[in-house]
Every structure is written in structure tokens, then in C-alpha cells.
Amino acid sequence: MLRELWYSDRLRNGVFQAVLLGGLIWLLFWIGGNTVQNLAERGIRTGYEFLQRPARFPISETVLRYSPSDSFFWAYVVGLANTLWLSFLTILFATIGGLALALARLSGHPLLSRLAGIYVTVFRNVPLIVQLLFFYGVATSLFPPVRQALNPLPGLYLSLRGVYAPGLVMGPGSGTVIAVAVLLALVLLIVLRHWAAGQGRLRRWLWGLAIFLPALVLVWLLAGRPIALEAPQLHGLNFRGGLYLSPEFSAIIIGLTLYTTAFTGEIIRGGIEAVGKGQWEGGRALGVSERHIMFRIILPQALRVIVPPMTSQYLSTVKNTTLAVAVGYPELGLVVNTVINQTGQALESILIMLGVFLTISLSVSALMNYFNARIALVER
């Protein structure tokens with residue numbers, strides 16, 4: 001009986017996996033216990049109670065409100081918000097730019113296609129850290145001082161201190177206007193989807209805009225114009241008002257976007273070329289325009305090839321944001337380094353950073369896998 005069980009592949013595999021899992025758990029406990037013992041012998045404090053103490057260091061640029069009197073925990077949250085904001089903008093711009101780059105490479109125009117190929121070759125083969133340092137050097141050395149700032153467009157100024165542009169100012173009542181706008185948009189989407197279902201997508205959008213925009217302006221006027229567009233104005237040695245983009249943020253967003261666009265463009269191009277040429281020929285035979293063939297026939301099918309590698313690229317983009325420390329942008333990695341220098345709690349800070357990036361990566365992967373499952377072909 002025992003001999004028959006031993007020669008059972010299922011039993012042997014289960015025993016080997018159990019032994020391997022047990023060994024791994026023992027190894028982790030041994031490393032943890034050894035680490036705690038060594039730290040205790042050297043008098044190094046461990047634990048996460050330091051998170052409640054005041055941070056007492058500034059963060060130069062934040063998405064959320066922050067002051068040095070806030071806790072170390074809130075400093076981590078602010079650094080995480082900067083990382084998420086940078087990742088979101090890079091993924092958004094790189095996806096749009098990648099689509100444009102892929103269409104340029106597939107274009108029948110030889111000069112446009114050749115230039116797109118050169119772009120891909122250059123940006124994919126130059127290390128990202130070199131590109132970030134290059135754009136940071138451009139932002140901090142080639143532009144003039146504030147009082148002689150370049151003004152390529154009305155309200156837009158380029159200087160050594162960064163980019164100044166018109167920005168929205170939110171006054172009292174702005175939250176009400178935004179809530180009403182969102183509610184109105186949802187109601188219009190539901191109504192137009194049923195009432196104008198047979199009128200075509202373009203006509204439905206036109207009807208929606210014709211109703212939404214005047215209604216939104218009316219709500220804005222009744223609320224006392226709480227949202228306004230403010231242009232930067234030069235006062236003394238600096239600009240005041242409007243939207244400000246620091247040289248660090250400008251360098252990291254430009255460098256990351258251009259670098260990532262080279263990869264997303266190739267992924268999208270590969271997905272488009274994976275669709276059979278018969279789809280193009282069928283569309284042309286029906287008299288469909290080239291633009292409609294691309295966006296109505298080819299791209300929906302190409303998504304099934306594009307999404308899996310694009311998921312990996314998005315995950316790499318999130319991880320690449322840690323290189324922002326090279327140009328001084330205060331993302332999570334820079335905040336973690338500062339906290340370690342302030343408190344000496346290196347092990348705890350690194351574990352927090354590992355947990356945060358693991359959570360972000362798993363969340364992005366789950367979202368993309370869900371989208372991939374929704375567009376996957378299902379055999380009857």
C-alpha cells in the first residue's frame with residue numbers, strides 16, 4: 001500500500017511542495033528573528049511608532065497639502081500621492097503618444113515613417129536616467145531668468161524656475177458646481193443613450209454638448225462664478241498665480257513620457273500588424289474610409305494583442321518613477337530616503353516602500369487583466 005502511494009505522482013508532488021513551502025516559511029522566520037536579534041544587540045530601535053512623530057522636513061512639491069509639522073505617516077502619503085500622480089500622467093500621455101507614434105510608423109509617407117523609426121531607436125536605446133538628467137539640465141540651464149521668461153503662448157512662461165501657465169482657481173461653491181456637472185453629465189448620458197439611440201454617435205454627442213454646456217454655464221453663473229481661470233502675473237522677481245510646474249517635475253514628466261512612448265508605440269504597432277490584411281481589404285471593399293477601418297475594425301481587434309504586453313509596460317512605468325530621485329522630484333522613494341536619514345528606521349521604511357509598490361503593481365495588473373478578459377474572444 002505504501003509503495004503504491006509512493007509511486008503516485010500526485011502524492012509525491014504534494015509532499016515535495018509541502019516540504020518546499022515549509023522550508024521557505026522556516027527561512028523567512030529565521031531571517032526575521034536573526035535581523036531583530038542583531039538590531040537589538042546594536043541598540044537599534046525597531047517598530048512603527050515613529051510614524052506618529054512630526055516629520056520636521058519640507059517636501060518641495062506636493063499634490064496634497066503638507067507642512068513639516070505633519071507626521072511621518074502623512075509624509076509617506078504625500079510621497080505616494082506624488083508617485084501615483086506622476087505614474088497616471090505618464091501612462092496617459094505615453095498611451096496617446098504611442099498610438100500616434102504607431103500610426104506614424106505604419107504611415108505610407110516615407111519621411112514620417114523614417115522619423116518615427118529614428119525616434120524609437122534613439123529613445124529605446126538611451127538609458128532613462130541619462131534622458132532624465134539631460135532634460136533636467138535643459139530645464140535649469142537653457143531657459144532665461146524669470147524677468148526675461150520666454151512667452152511662446154499667451155499666459156505661458158518658460159524660465160529657469162519652471163513653467164508658469166494659466167490655472168483654475170477654486171472658490172467657495174466650486175464643489176457644488178462640479179457635483180452638479182457630474183450629475184448632469186450622467187443624466188444626459190442615460191437619456192441620450194435611449195432617446196437618441198438611432199441617430200448615430202456623432203449626433204448624440206452634438207445633442208449632449210448642446211444641452212450640457214449651456215446648462216453648466218448657467219449653474220456656474222448662479223453659483224457666483226466660483227471657478228475661474230487665473231493667468232500668472234510677474235510681481236517682483238517671480239510670477240504669482242496660475243499653474244506652476246517646477247523644473248524637476250517638468251524634466252521627469254517629459255523624460256518618462258518620451259521614453260515610455262517609444263515602447264508603447266511599438267506595442268501598439270505590433271498589435272495593429274497582427275490583424276490580418278483581409279480586414280483592411282474587407283473594409284475597403286465595403287467602401288469604408290481608412291480612418292474608420294483603423295478605429296472601428298482594426299484597433300478593436302488589435303487590443304487583444306496589445307493589452308497583455310501593455311500591462312507589463314505600465315508596471316515598468318510605475319517602477320521607473322523611482323528614478324525621479326535623480327532630478328530631485330519628491331516621489332515616494334525620495335521621501336523614504338529622507339525619513340531614513342531623519343529616523344534611522346531603514347528596515348521599516350524599506351518594508352513600507354516594498355508593500356506600497358507591490359500593492360500598486362498588483363492593482364494595475366488586476367485592472368488590466370479585467371479589461372483583457374472583457375475584450376477577449378470567447379469561442380462558442
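## Briefing: a tour of a predicted protein model

Let's start with one residue: R56 has a relative accessibility of 65%, so it counts as exposed, because that value is over the 50% mark. This is a predicted model, and its secondary structure adds up to twelve helices and eight strands. The protein is more spread out than a compact globule, because its radius of gyration is 27 Å, well over the 21 Å that the globule rule gives for 380 residues.

**Overall shape and surface**

- Measuring sticks at the ready: along its principal axes, the C-alpha trace of the protein spans about 75 × 70 × 45 Å.
- Of the 380 residues in the protein, 33% count as buried.
- The protein exposes about 23700 Å², and 67% of that comes from carbon and sulfur atoms.
- On the charged side chains, the protein has 28 positive and 15 negative ones, and the centres of these two sets are 10 Å apart.
- Taking the contacts in the protein with a separation of 6 or more, 65% are between residues 24 or more positions apart.

**The nonpolar cores**

- The largest nonpolar core has 40 residues, and F57 and Y76 are the ones with the most contacts inside it.
- Five helices each supply at least two residues of this core: α3 (72-105), α8 (247-274), α10 (290-320), α11 (332-343) and α12 (346-375).
- Of these helices, α10 gives the most to this core, with eleven residues.
- Another core, of 13 residues, lies apart from the largest one, and L89, I252, Y259 and V327 are among its members.
- Leaving aside neighbours within four places in sequence, F57 is in contact with Y66, P68, F72, A75, V335, T338, V339 and Q342.

**R56, the residue next to F57 in number**

- R56 sits in the loop between α2 (9-41) and α3.
- Most residues other than glycine have a negative phi.
- R56 is not a glycine, yet its phi is positive, at about 60°.

**A116 and E266, two buried helix residues**

- A116 has its place in helix α4, which covers residues 110-125.
- Is A116 buried or exposed? A116 counts as buried, because its relative accessibility is 5%, and buried means under 20%.
- Setting aside residues up to four places away in sequence, A116 touches L101, A104 and R105.
- A116 and L237 are 121 residues apart along the chain, and their C-alpha atoms are separated by 41 Å.
- E266 belongs to helix α8, one of the helices that supply at least two residues of the largest nonpolar core.
- With a relative accessible area of 16%, E266 is buried.
- Which residues does E266 touch, not counting residues up to four places away in sequence? E266 touches R105, V120 and R124.
- R105 links the two stories, since R105 is touched by A116 and is touched by E266.

**N337, a partly exposed helix residue**

- N337 is found in helix α11.
- N337 has a relative accessible area of 38%, so it is partly exposed; this label covers values between 20% and 50%.
- The C-alpha atoms of N337 and V325 are separated by 9.5 Å, and the two residues are twelve residues apart along the chain.

**G167, a buried strand residue**

- G167 has its place in strand β4, which covers residues 167-170.
- G167 is buried, because its relative accessible area is 12%.
- How many Å separate the C-alpha atoms of G167 and A231, which are 64 residues apart along the chain? The separation is 6.5 Å.
- Not counting residues up to four places away in sequence, G167 touches A228, L229, E230, G242 and L243.

Note on methods: Residues are numbered from 1 along each chain as its sequence is written. This is a predicted model: local features need pLDDT of at least 70, side-chain atom pairs count only at pLDDT 80 or more; totals for chains, interfaces and linings use all residues. Side-chain values use heavy atoms; hydrogens and water are left out. Helices (H or I, at least four residues) and strands (E, at least two) are DSSP runs, numbered from the N terminus. The radius of gyration is taken over C-alpha atoms; the globule rule is 2.2 Å times the number of residues to the power 0.38. Buried means under 20% relative accessible area, exposed over 50%, partly exposed in between (1.4 Å probe, protein chains only). Contact means heavy atoms within 4.5 Å. Accessible areas come from the Shrake-Rupley method with a 1.4 Å probe; for residues, only the protein chains shown count as cover. Lys and Arg count as positive and Asp and Glu as negative; His and the chain ends are not counted. The place of a charge is taken as NZ of Lys, CZ of Arg, CG of Asp or CD of Glu. A nonpolar core is a set of buried Ala, Val, Leu, Ile, Met, Phe, Trp, Tyr and Cys residues joined through side-chain atoms within 4.5 Å.
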